[in-house]
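The exercises below go through one protein chain, and each task is followed by a solution worked out step by step. Please keep the sequence and the 3D view open while reading.

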Amino acid sequence: MSTETFEFQVEARQLLQLMIHSVYSNKDVFLRELVSNASDALDKLRLAALRDDTLDADVSDLHIDIETDAEARTLTVRDNGIGMSYDEVGRLIGTIANSGTAKFVEELREAQDEAGAEGLIGQFGVGFYSGFMVADEMTLLTRRAGESQGTRWSSRGEGTYTLERVDDAPQGTTVTLHLKPADSDDQLHDYTSDWTIREIVKRYSDFITWPIRMTPKAAPAGDTADDEAVAAPEPETLNSMKALWARSREDVSDDEYHELYKHISHDWREPLETIRLQAEGTFEYQALLFVPSHAPHDLYNQGYKRGVQLYVKRVFIMDDCEALLPPYLRFVKGVVDAADLSLNVSREILQQDRHIRMMQRRLTKKVVSTVKDMMTAAPDRYATFWREFGAVLKEGLLTDSDNRDALLAVSSFATTHSEDEPTTLKSYVERMKDGQDAVYYLTGESRQSIENSPHMEAFRAKGVEVLLLTDPVDEVWVDAVGEFEGKPLRSVAKGEVDLGGEDDEKADGEREKQGEEYAGLLDWMKEHLDEDVKEVRLSSRLTVSPACIVSDAHDLTPALENMYRAMGQEVPRARRILELNPDHVLVKGLNEAYKEREDRTGLAETAELLHGLAVLAEGGRPKEPGRFVKLVADHLERAL
């Protein structure tokens, strides 16, 4: 048969060079593309045979073969699928951006046979040329099912290609790559290695519907103990073909789910929860997600790899697709398999953000609703989940206003109501005392430090429940949320406190009388401590401690100031409010000494000490620790 030589179009040559040198970030994906094309061809033949009983084609054992030859440095990918005619080869491969699969799907849709398009993977024309990343020359031998004559196509990927009609071509398509030398510096692996081929197929094409077979290399002569002939190795199937997310729940065991989780998460423990989702309609996809049973040690590290694996028609696209779940669900692992997702020419960069956003919204709601179901149906599992991931989930209260109410509903918090059992905001509101108009909380490093805080004394004395918030994110989300069911979230360490009670009128009268009695001391202390405090006032929240430091209702807390500074943001140092307990012996004595003494030098030191003790009581640090220690030592010495 005569061989004809053709030139690539100018645009095709330019795109070809771009393809070879820069489109794909990982050269291994060439094999993914060739296997995907072969899978398409098998799908097309299966559908064609169903639609045409007279089609002369063998569909008894549809499969993909991979062969390697280390001496000749060739890699061959062969399928016994639909194949191509002479004209189709020139049209589809000569024009690099054309797509046989896309054309086939278009024809099926025109024939109103959309179900027949299921299972087709994608763009033939572009993916085929990715082979030139690893090969100096590519040869394609193909024969369309039902035809007697085949076609051979060959090119070195430079400017021309040849076409030739042949008589001895088998049904289907065979692609042979004449490989470049292995070069680790250029990420060119040895693609004649059985191990390399197994690893790539397992990573990218494990869930392809059709068997991908490879015959292992025979052992070299002389390796056996005797000289008897060694039987030829049997072909091995490299892919599992088990896309668990595509099978019904009844057909998959828990052990199979757990093995998949361990494979994709590299976690030896079983998952806490398995989440299945199948979306149908204009945009179809399936998801199989897992909630781990333990938080990874690097969950809060900046370099933590988040996201789930993205597949398109069972072909692996991306390992950590961050766009599919928000950052506060970064602990979720799993697989999302889209039926019709537009990708760029290398299948690596998503183009239709609308579909991705649609999936993210649905997946996020599904995960949050699963957590809600755990709260009622499996309290022990929910307790484990919240212990491991509660702090990161609360980040969503800051960043995801659309799902804020749903996130609040699945959040629980330590509370003074119970030593062991956390509470939801809904349960807190149901227990609120008559006349209580706010949800009270206090932030701190630990439950113990919060419970021992002077700010808690009046609340403890009156039996008012307080939420005990110990995660760093708690400093921020309470301000962002602001209220729950119309009840404001109010810190017990901010602003004035009025807990009310039966003796309100009597208490008001006593406070007014004490205000007059302590007015001179309060003004004097305000003047003396002016650098550190903006106000000194009598407290309604203290019952045991002599003093405490509070903030105005809208001021930043000291912990939040420190967080901003740790992130490199300049925050002006805020002066706060010093509250005194008028019923404490120390404060009473200080007031009497203020009224009696003309020389108040010693009292000034006592006022400094009282302020420093209040700072220490809330977990802070005196402005000048050395001076504070000296004042304490001097006062102890005089007391002996």
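**Exercise 1. Counting salt bridges**

How many salt bridges does the count come to?

Before counting, note that this is a predicted model, in which local features need pLDDT of at least 70 and side-chain atom pairs count only at pLDDT 80 or more, whereas totals for chains, interfaces and linings use all residues. Residues are numbered from 1 along each chain as its sequence is written, and side-chain values use heavy atoms, with hydrogens and water left out.

Step 1. Side chains of opposite charge can pair when their charged atoms come close. The rule applied here asks for a side-chain nitrogen of Lys or Arg within 4 Å of a carboxyl oxygen of Asp or Glu.

Step 2. Under that rule, the count comes to 36 salt bridges.

**Exercise 2. Individual salt bridges and their exposure**

Take the salt bridges of Glu 137, Glu 388 and Arg 537 in turn, and state for each partner whether it is buried, partly exposed or exposed.

Step 1. The classes rest on relative accessible area (1.4 Å probe, protein chains only), where buried means under 20%, exposed means over 50%, and partly exposed lies in between.

Step 2. Glu 137 pairs with Arg 156, and their closest N and O atoms are 3.5 Å apart. This pair links distant parts of the chain, since Glu 137 belongs to strand β4 (residues 135-143) and Arg 156 to the loop between β5 (150-155) and β6 (160-166), 19 residues apart. Glu 137, at a relative accessible area of 23%, is partly exposed, and Arg 156, at 45%, is partly exposed.

Step 3. Glu 388 and Arg 387 form a salt bridge with an N to O distance of 3.5 Å. Here Glu 388 is buried, because its relative accessible area is 18%, whereas Arg 387 counts as exposed at 58%.

Step 4. Arg 537 and Glu 535 form a salt bridge at 3.7 Å, N to O. Arg 537 is buried at 9% relative accessibility, while Glu 535 is partly exposed at 31%. Both residues belong to a network of salt bridges that links Glu 496, Glu 535, Arg 537, Arg 541 and Glu 579.

**Exercise 3. Loop residues**

Where does Gly 159 lie, and is Lys 313 buried or exposed?

Step 1. Gly 159 is placed in the loop between β5 and β6, and with 18% relative accessibility it counts as buried. Its C-alpha atom is separated by 5.9 Å from that of Glu 7, although the two residues are 152 residues apart along the chain.

Step 2. Lys 313 sits in the loop between β12 (308-312) and β13 (315-321), and it is buried, with a relative accessible area of 19%. Its phi is near 50°, a positive value in a residue other than glycine.

Step 3. Arg 314 is found in the loop between β12 and β13, where it has a positive phi of about 70° although it is not a glycine. At 22% relative accessibility, Arg 314 counts as partly exposed.

**Exercise 4. Helix packing**

Describe how α19 packs against α18 and against α20.

Step 1. Two packed helices are described by the angle between their axes and the distance between the axes. Axes are lines fitted to C-alpha atoms, for helices over the stretch in contact, with angles running from 0 to 180 degrees between N-to-C directions. Angles under 35 degrees count as roughly parallel, over 145 as roughly antiparallel, 65 to 115 as roughly perpendicular, and the rest as oblique.

Step 2. Helix α18 (residues 585-596) packs on α19 at about 155°, with the axes 11 Å apart, and the two are therefore roughly antiparallel. In this pair Leu 586, Leu 590, Ala 593 and Tyr 594 of α18 meet Leu 603, Thr 606 and Leu 610 of α19, the meeting residues dividing into 6 nonpolar, 1 polar and no charged.

Step 3. The axes of α19 (residues 601-617) and α20 (residues 625-639) come within 10 Å and cross at roughly 120°, so these helices are oblique to each other. Among the residues that meet are Leu 609 and Leu 613 in α19, and Phe 628 and Leu 631 in α20. The residues of this contact comprise 6 nonpolar, 4 polar and 4 charged.

Terms used:
Helices (H or I, at least four residues) and strands (E, at least two) are DSSP runs, numbered from the N terminus. Contact means heavy atoms within 4.5 Å. Ala, Val, Leu, Ile, Met, Phe, Trp, Tyr, Cys and Pro count as nonpolar, Asp, Glu, Lys and Arg as charged, and the others, Gly among them, as polar.
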